[in-house]
Protein chains: 6
Amino acid sequence: MTTNPISATVPFDQDGIHHGFLRLPYSRNDSAWGSVMIPITVIANGKGPTALLTGGNHGDEYEGPVALQELAASLRPEQITGRVIILPMMNQPAFSAGLRCSPIDGGNMNRSFPGRPDGTVTQKICHYIASELVPLADIVLDFHSGGKTLDFLPFAAAHILDDKRQEDDCMAAMQAFNAPYSVRMLEIDNVGMFDTEVETQGKVFVTTELGGAGTSTARSVAIAKKGIRNLLIHAKIMAGNLDISDTIQLDMPDESCFVFAEKAGLVEYLVDLGDTVESGQPIARVWASDRTGTQPETLIAKRDGILTARHVPGLIKIGDFVGLVAVPL
Amino acid sequence: MTTNPISATVPFDQDGIHHGFLRLPYSRNDSAWGSVMIPITVIANGKGPTALLTGGNHGDEYEGPVALQELAASLRPEQITGRVIILPMMNQPAFSAGLRCSPIDGGNMNRSFPGRPDGTVTQKICHYIASELVPLADIVLDFHSGGKTLDFLPFAAAHILDDKRQEDDCMAAMQAFNAPYSVRMLEIDNVGMFDTEVETQGKVFVTTELGGAGTSTARSVAIAKKGIRNLLIHAKIMAGNLDISDTIQLDMPDESCFVFAEKAGLVEYLVDLGDTVESGQPIARVWASDRTGTQPETLIAKRDGILTARHVPGLIKIGDFVGLVAVPL
Amino acid sequence: MTTNPISATVPFDQDGIHHGFLRLPYSRNDSAWGSVMIPITVIANGKGPTALLTGGNHGDEYEGPVALQELAASLRPEQITGRVIILPMMNQPAFSAGLRCSPIDGGNMNRSFPGRPDGTVTQKICHYIASELVPLADIVLDFHSGGKTLDFLPFAAAHILDDKRQEDDCMAAMQAFNAPYSVRMLEIDNVGMFDTEVETQGKVFVTTELGGAGTSTARSVAIAKKGIRNLLIHAKIMAGNLDISDTIQLDMPDESCFVFAEKAGLVEYLVDLGDTVESGQPIARVWASDRTGTQPETLIAKRDGILTARHVPGLIKIGDFVGLVAVPL
Amino acid sequence: MTTNPISATVPFDQDGIHHGFLRLPYSRNDSAWGSVMIPITVIANGKGPTALLTGGNHGDEYEGPVALQELAASLRPEQITGRVIILPMMNQPAFSAGLRCSPIDGGNMNRSFPGRPDGTVTQKICHYIASELVPLADIVLDFHSGGKTLDFLPFAAAHILDDKRQEDDCMAAMQAFNAPYSVRMLEIDNVGMFDTEVETQGKVFVTTELGGAGTSTARSVAIAKKGIRNLLIHAKIMAGNLDISDTIQLDMPDESCFVFAEKAGLVEYLVDLGDTVESGQPIARVWASDRTGTQPETLIAKRDGILTARHVPGLIKIGDFVGLVAVPL
Amino acid sequence: MTTNPISATVPFDQDGIHHGFLRLPYSRNDSAWGSVMIPITVIANGKGPTALLTGGNHGDEYEGPVALQELAASLRPEQITGRVIILPMMNQPAFSAGLRCSPIDGGNMNRSFPGRPDGTVTQKICHYIASELVPLADIVLDFHSGGKTLDFLPFAAAHILDDKRQEDDCMAAMQAFNAPYSVRMLEIDNVGMFDTEVETQGKVFVTTELGGAGTSTARSVAIAKKGIRNLLIHAKIMAGNLDISDTIQLDMPDESCFVFAEKAGLVEYLVDLGDTVESGQPIARVWASDRTGTQPETLIAKRDGILTARHVPGLIKIGDFVGLVAVPL
Amino acid sequence: MTTNPISATVPFDQDGIHHGFLRLPYSRNDSAWGSVMIPITVIANGKGPTALLTGGNHGDEYEGPVALQELAASLRPEQITGRVIILPMMNQPAFSAGLRCSPIDGGNMNRSFPGRPDGTVTQKICHYIASELVPLADIVLDFHSGGKTLDFLPFAAAHILDDKRQEDDCMAAMQAFNAPYSVRMLEIDNVGMFDTEVETQGKVFVTTELGGAGTSTARSVAIAKKGIRNLLIHAKIMAGNLDISDTIQLDMPDESCFVFAEKAGLVEYLVDLGDTVESGQPIARVWASDRTGTQPETLIAKRDGILTARHVPGLIKIGDFVGLVAVPL
């Protein structure tokens with residue numbers, strides 16, 4: 001069995017605050033003895049639960065990295081009981097390139113778990129996280145947003161699981177996070193996801209989608225910051241009271257929630273995120289991008305609900321996702 | 001004197017509706033006898049003024065192209081008196097690549113006027129528009145948005161000009177467009193702009209910034225569509241009543257409106273577009289993108305006003321624009 | 001066992017004509033929720049045999065795609081008994097890029113069978129075709145040509161197989177296709193080929209090489225169209241009489257048919273496709289590409305026969321194929 | 001006035017045969033003190049006229065380079081009276097990359113004359129040839145073919161000129177070349193062409209199109225070799241008798257000879273090079289490249305004649321040339 | 001079990017000298033029937049031991065290729081007893097591109113052994129060498145240098161092995177090579193190395209690091225040439241006396257010999273190769289590369305010794321190797 | 001006349017130390033309102049001469065940038081009388097990419113003077129330096145080394161000028177710099193050089209070549225640091241005594257000092273930098289890079305002297321510089 005070549009420059013078992021790196025040797029044309037350096041902060045204080053907080057699973061999603069950078073720079077050991085492990089930019093090669101997937105190997109990290117110690121760079125990082133960090137954790141919060149090509153209503157989510165006790169714990173943690181929208185998800189194709197790896201290890205897991213378009217706003221980052229604090233209080237790592245506002249519960253029951261394009265062109269949205277749509281209602285049109293005077297293709301919602309996610313770039317390709325219509329509960 | 005090699009496949013002097021192309025022969029490795037084909041629609045009906053409506057000056061800005069594609073596909077000659085020339089994707093090579101500048105020659109079209117008939121592809125297109133299309137027009141509307149890297153509050157704008165009568169006409173047209181915000185601009189460095197070329201030819205000129213992030217929304221496109229209709233009524237090409245709502249008048253008096261970054265990193269906005277800021281207020285922070293545990297650089301507004309434009313990508317480079325604080329009048 | 005993520009938007013078990021796609025979800029930097037969309041047409045009418053007709057296995061070969069696009073657009077259910085499944089551009093990512101191999105993963109589709117449901121994009125497509133489409137078929141016709149870098153005399157081919165009954169059926173189908181040349185092939189290294197996968201499933205299989213140079217001609221496409229019609233008649237899916245002309249039977253007995261270059265340079269052919277050559281005859285010379293005044297390297301046929309295939313680009317690299325001398329029977 | 005930095009390693013004024021280079025210093029990232037090296041051969045013997053023979057004006061056209069490489073390696077001084085200057089690969093950077101245009105600066109050499117001594121690499125080469133080599137010549141033969149994206153019937157051509165005596169000399173030289181087809185051309189847009197530069201200097205000029213598709217054949221190279229010998233005899237540099245076969249005289253009177261595509265897709269030719277077509281006859285169809293079941297766009301000949309040139313790649317882009325219908329005289 | 005598709009154009013079992021290639025068929029976009037051609041020379045004379053001499057394992061290291069090219073061009077069969085197999089550019093695709101790793105598949109050859117017959121191009125080459133060439137050898141000498149991004153003091157090295165008899169043989173061969181420095185190495189992570197493969201097969205193995213910076217010098221190549229001759233004499237393949245000078249014995253006992261950068265920037269070395277350093281001594285500083293006026297990060301030796309290797313490029317990235325402090329014995 | 005768009009964030013007329021940037025607005029696809037930021041430090045104290053110290057004219061040469069970064073971070077105003085302007089990375093886009101020329105426009109800065117205010121990015125920087133900074137200076141020191149593709153013996157140099165008084169001043173400054181070698185240069189092709197611009201403005205100018213291979217060493221940087229201090233003392237900006245060692249005076253009288261390659265391949269140097277060579281002596285050989293068993297091309301010195309510069313990469317291209325033989329005085 002190959003050993004994972006990643007080593008941490010920080011200790012996981014010492015009280016106090018330690019900033020450092022997960023270092024992965026990576027030999028390449030522009031650095032024969034180079035390394036991938038994944039920033040990590042470990043804050044520990046006495047006995048208590050461990051929270052693993054991750055961002056940058058996809059490298060072009062920013063609410064998590066911003067909120068976690070601030071947390072790593074401001075949280076003091078005496079504010080917690082237990083341990084907080086912070087990885088603001090988990091897929092560091094993708095993050096530093098501003099891309100969803102790793103520029104080294106094309107790896108989509110959230111389809112590469114549990115990874116391999118002798119695999120690609122992305123697979124090695126996944127394997128280290130799955131085999132070394134997740135086992136240390138009681139609760140895991142993984143931040144996502146839409147990235148450069150998708151935009152979402154801000155929501156936290158937990159999965160429907162076979163183990164109903166674990167599912168209840170996850171749903172409770174999601175409600176504690178208290179994003180403006182909360183989603184109960186049945187993941188049909190969950191192979192390779194970080195979510196699946198964490199849940200398989202029996203941990204409490206919460207994920208989010210907090211915006212998109214390859215950016216973040218003061219408002220969307222505020223949701224992330226509040227959610228982190230709420231979650232750490234919920235997990236009994238921080239003291240204090242939860243900060244709870246109204247949240248809209250959403251369901252995504254099946255494939256009919258999703259609309260895809262069958263023609264490439266210039267996309268025009270007829271409704272915006274958060275708007276209510278009805279089954280059969282046009283939600284977007286695709287105009288020719290190379291000529292004038294032709295009629296557009298109209299794209300239709302297949303069920304009643306709220307437009308919860310959409311495509312961002314002004315041009316759309318054949319097969320691209322157009323819109324997600326989720327069902328308020 | 002070289003002749004511009006572009007030819008139009010549509011007539012400019014016939015009543016009715018004609019869809020076609022400006023064809024520019026472009027010999028290259030992947031097509032020895034290829035062409036750049038810029039879509040154009042000409043709609044004419046009797047004697048009357050001519051409006052030239054343009055989008056895609058920058059290829060990653062979408063409100064103009066969407067609204068103009070719909071106009072070209074729906075406006076009937078009997079609805080107008082005079083002529084409407086529609087170029088939804090003026091810098092077609094940039095538009096089809098989804099880029100601000102031309103992938104052929106790197107040309108930023110709005111810094112390439114009046115162009116050259118024997119220049120680069122971008123310069124040839126500019127020269128044709130400046131020498132063949134602008135002279136046909138009485139009023140010109142050029143759509144802009146922020147593109148992939150900027151986001152704007154939606155505004156129409158007209159320039160402060162030496163000829164005060166022309167300036168008044170431009171300001172009146174801008175007010176008729178009636179975007180949510182209206183900006184009176186003093187362009188300091190206007191060399192190479194389409195705006196300057198049109199104004200130099202003595203025409204009425206209106207421009208816009210209607211959003212950004214490389215996308216458009218139902219709301220932002222609705223502003224463009226209303227503005228076009230209002231402008232055509234204002235120009236007496238269409239009949240009907242102007243559709244007028246409240247608009248906020250903004251001023252951008254000098255360089256102190258602009259904030260730039262002097263460090264690269266992960267940007268966190270502390271205020272959002274439309275928020276009021278005061279001189280000395282932090283508007284953004286830049287976190288390290290390669291390590292945790294360091295303090296961010298804080299970026300400060302240099303005057304009171306409203307955050308009117310911002311950087312979009314979650315990572316920011318040294319020298320990048322951060323924020324524009326405009327002054328409400 | 002992982003499930004193949006590809007789904008078809010057309011039914012395989014309904015009479016009539018259905019045009020649609022094989023949709024493969026493909027998450028990537030420029031479309032987080034994007035898809036590869038492989039065009040497919042299914043035409044069915046009552047009980048009868050099924051023909052699977054494929055083109056675009058290599059993305060720069062055009063006789064198959066052209067003839068199959070016309071078939072898909074013109075064949076009516078009432079013309080057939082049974083079913084015709086048409087995939088004109090099987091390796092769609094390669095086809096749309098005009099490349100032999102997939103631009104996504106570099107995959108040479110004809111060395112990627114039987115594929116993997118959890119593999120690369122090319123492997124997933126292969127796996128779907130091998131596990132879902134081939135089992136539906138009684139006879140499979142896969143179109144090839146030389147692509148951008150090879151040119152062939154037009155031939156249909158069938159393989160020498162262990163199962164002589166199956167071999168006879170394949171040879172009969174090849175003769176029914178009735179290309180100008182017909183080749184009986186012993187495939188020595190057949191690992192990963194579509195041919196092998198189809199034959200292993202016990203089906204009748206015919207392949208072709210109909211030209212090359214990354215293009216097609218009216219004459220070469222006519223061979224493909226005639227061949228399709230003959231094959232469907234031969235398979236008793238269409239009624240009518242075979243359209244049969246003379247065909248020259250060729251054999252490629254061993255490695256001595258092939259000539260390769262050991263020097264890079266500017267290639268000069270001394271004989272053309274279809275010319276007769278003798279063992280020891282120079283068939284090409286390679287001149288220096290960076291200087292004048294040097295003597296060329298001469299390349300020699302190693303057996304008597306007909307020049308059946310050659311290299312296309314004017315520059316040749318070390319190790320490139322130069323010529324194939326096949327033996328008329 | 002800047003001096004052209006190119007120097008020749010061969011003498012132009014010494015009898016005998018000299019192989020060498022035109023050396024152009026070219027500083028760049030991968031060679032701070034590097035050079036572009038353009039192969040040249042000069043063969044001289046006593047007093048007599050000078051022929052300048054050039055290939056590789058476009059870097060992906062091969063009949064000229066092959067025939068001229070053989071000439072440079074085989075012609076002996078005693079076979080001539082006067083001087084032969086041979087440049088088989090005039091745009092050497094394009095030639096070595098197998099591209100029409102220079103990979104260094106994108107320069108299309110045949111639109112870059114008369115060049116500049118302080119310009120791009122392509123412009124410097126043009127300036128040297130125009131100012132140093134053309135003045136030495138009495139007759140200039142420049143070889144062209146279709147390159148990777150065009151294919152031509154094999155023809156030699158001369159231009160209609162204002163100076164009818166010069167025109168007669170050029171036409172006589174073209175007839176002496178004796179390609180299978182001979183074309184009398186009125187060049188409408190001749191700015192930047194090598195042809196124009198040579199003709200402006202009062203020289204006899206012949207050009208060719210001998211095939212295409214980025215390759216050459218034994219047959220097409222034989223036309224080039226015969227044409228060179230005939231031309232040198234015609235110019236009284238070599239002794240011997242002209243080798244003359246039938247040639248078909250073609251005319252290309254105006255723009256109606258050319259057909260261009262207005263839709264991108266998969267192109268199907270309905271006639272081949274050399275076929276007779278009538279005005280109104282479909283010559284090609286363009287099928288969708290991303291779906292089945294749609295009707296193709298049909299492209300129509302605008303006059304009677306012979307299909308003399310066509311597009312090569314199986315995929316065609318909007319604005320690409322489709323076919324040239326020339327008129328036999 | 002798949003067969004390795006590589007074939008040799010030279011015999012391994014005939015006396016005399018044979019120059020040729022290992023030919024690996026490699027189908028790709030720019031050559032459908034292309035090949036990778038790896039140069040090889042086999043020199044044999046009667047019965048005796050076999051030496052396998054390899055360079056170009058990493059494609060940007062030059063002492064080995066230069067010395068082995070000269071050996072292949074000058075060694076005569078009558079000078080030896082036994083056999084010498086010379087592969088000066090083992091990873092030919094990397095070598096011809098001047099890169100450490102293969103441009104085809106990114107493969108680092110020295111982490112790709114023992115390879116796979118059905119793997120990537122790099123894996124296929126490794127598999128052929130491991131399964132066909134190493135078994136023929138009694139002694140293997142593999143040349144390395146620092147490549148473009150590292151520079152080394154010139155040393156030969158042998159590994160500490162479990163089989164002490166084999167280790168003694170390797171150490172003796174290393175001492176016979178007699179580089180200016182000699183290193184006894186404990187390879188901790190030896191998975192995939194050529195070294196490991198050869199040692200596992202029980203052969204005598206010597207490796208080197210003879211310089212770096214992507215170049216070689218007269219002095220560094222002289223070390224390689226002397227070492228080859230000495231090694232062939234030591235192995236009793238050549239007759240003659242060893243040419244022995246002083247060599248400094250070095251040890252690299254553990255990870256504390258290595259210094260890595262944790263900040264990117266402009267690197268300043270404070271000591272040079274061969275200089276003595278003490279534990280705690282600064283060996284380099286990293287300055288900001290985008291601003292002036294900031295303090296550099298200082299990098300410290302963690303033990304006493306000699307600076308034996310360093311980073312070459314003037315800019316350094318986070319995680320890059322900075323210096324190796326080896327311990328003289 | 002266009003105004004140069006560059007502005008400085010530091011004052012040039014205030015005592016004290018100021019670190020900042022030259023900011024050049026640069027609109028592009030990845031930052032619509034981005035900037036090029038060139039670091040600058042100005043240190044001033046009372047009345048006295050001004051020295052302009054520049055590095056990074058070519059972006060892959062490191063002695064200047066390292067020594068100037070240290071100077072900018074350590075020199076205090078009270079140490080000087082007058083003013084020191086420091087630009088360690090003049091062509092910042094090239095420097096940050098580690099390339100000789102600008103990755104934005106390919107510009108070789110040392111062939112782009114005096115630049116243009118409306119030109120490319122490189123031309124704008126040149127114009128600003130030539131029109132705003134050089135006029136402020138009495139003495140200018142511009143650091144060069146060989147970059148990634150050349151290596152030099154360390155020398156300072158001054159030019160032979162028409163104004164002998166200015167020449168004497170430059171020679172005196174060069175001698176004060178006191179590099180190990182000192183070169184009196186006749187620049188034949190000096191168009192576009194920074195040197196020429198400075199000299200034309202009548203200033204004292206010194207340049208250097210201090211090493212190469214895209215790196216620097218403790219020894220080579222020490223030469224730069226000593227030279228700066230000596231020069232500032234010589235210019236009476238700093239007090240103190242010159243630190244003078246032996247220097248070897250070299251001359252490069254004509255083109256016969258330079259040797260270029262006429263064949264591409266694997267280069268073997270037969271002498272090293274600093275070695276004495278005689279006219280007719282082989283200095284390098286070029287081996288085939290794609291085969292074994294062929295004889296190398298030998299490259300010959302054309303005069304007696306010292307090998308003063310050489311090519312670095314192990315592979316050499318046709319037309320590349322091989323060696324410079326300078327003449328000791």
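## Two crossing helices and three sets of contacts

Let's start with a pair of helices: α1(A) and α6(A) cross in a right-handed way. Keep in mind as you look that this is a predicted model.

How close do the axes of α1(A) and α6(A) come, and at what angle do they cross? They come within 9 Å, and the crossing angle is roughly 55 degrees. Angles under 35 degrees would count as roughly parallel, and 65 to 115 as roughly perpendicular. The two helices, α1(A) and α6(A), are therefore oblique to each other.

Now for the residues that do the touching. On the α1(A) side you'll find Glu63(A), Gly64(A), Val66(A), Ala67(A), Glu70(A) and Leu71(A). Facing them from α6(A) are Ser220(A), Val221(A), Ala224(A), Lys225(A) and Ile228(A).

Next, zoom out to the two chains. Here 41 residues of chain A are in contact with 41 residues of chain B. Which elements of chain A give two or more residues to the side that touches chain B? They are β3 (31-45), α1 (63-74), α6 (218-234) and β13 (265-269). So both helices from the opening pair turn up again in this list, by the DSSP-run naming used for elements. The biggest giver is α1(A), with 5 residues.

Chain A also has an internal split, into domain 1 (7-250) and domain 2 (253-328). Taken over C-alpha atoms, the centres of these two domains of chain A are 30 Å apart. Where they meet, 12 residues of domain 1 of chain A are in contact with 11 residues of domain 2 of chain A. On the domain 1 side, β7 (150-152) and β11 (248-251) of chain A each give two or more residues.

Here is how the residues divide by class in each case:

| Set of residues | Nonpolar | Polar | Charged |
|---|---|---|---|
| Contact of α1(A) with α6(A) | 6 residues | 2 residues | 3 residues |
| Side of chain A that touches chain B | 20 residues | 15 residues | 6 residues |
| Side of domain 1 of chain A that touches domain 2 of chain A | 6 residues | 4 residues | 2 residues |

One last stop is a database record. In an unreviewed entry, UniProt lists residues 47-234 of chain A as "domain: Succinylglutamate desuccinylase/Aspartoacylase catalytic". In the model, that stretch, residues 47-234 of chain A, is 37% helix and 18% strand. The C-alpha atoms at its two ends are 16 Å apart.

Note on methods
Residues numbered from 1 in each chain as written. Chains lettered and ligands numbered in written order. Predicted model: local features only at pLDDT ≥ 70, side-chain atom pairs only at ≥ 80, totals over all residues. Contact = placed C-beta atoms within 7 Å. Helix = DSSP H or I, 4+ residues; strand = E, 2+ residues; numbered from the N terminus. Nonpolar A, V, L, I, M, F, W, Y, C, P; charged D, E, K, R; others polar. Domains from an automatic or database assignment. UniProt positions renumbered as here; feature names shortened; annotations may be inferred. Axes fitted to C-alpha atoms, helices over the stretch in contact; angles between N-to-C directions. Parallel < 35°, antiparallel > 145°, perpendicular 65-115°, else oblique. Left-handed = near helix turned anticlockwise from the far one by under 90°.
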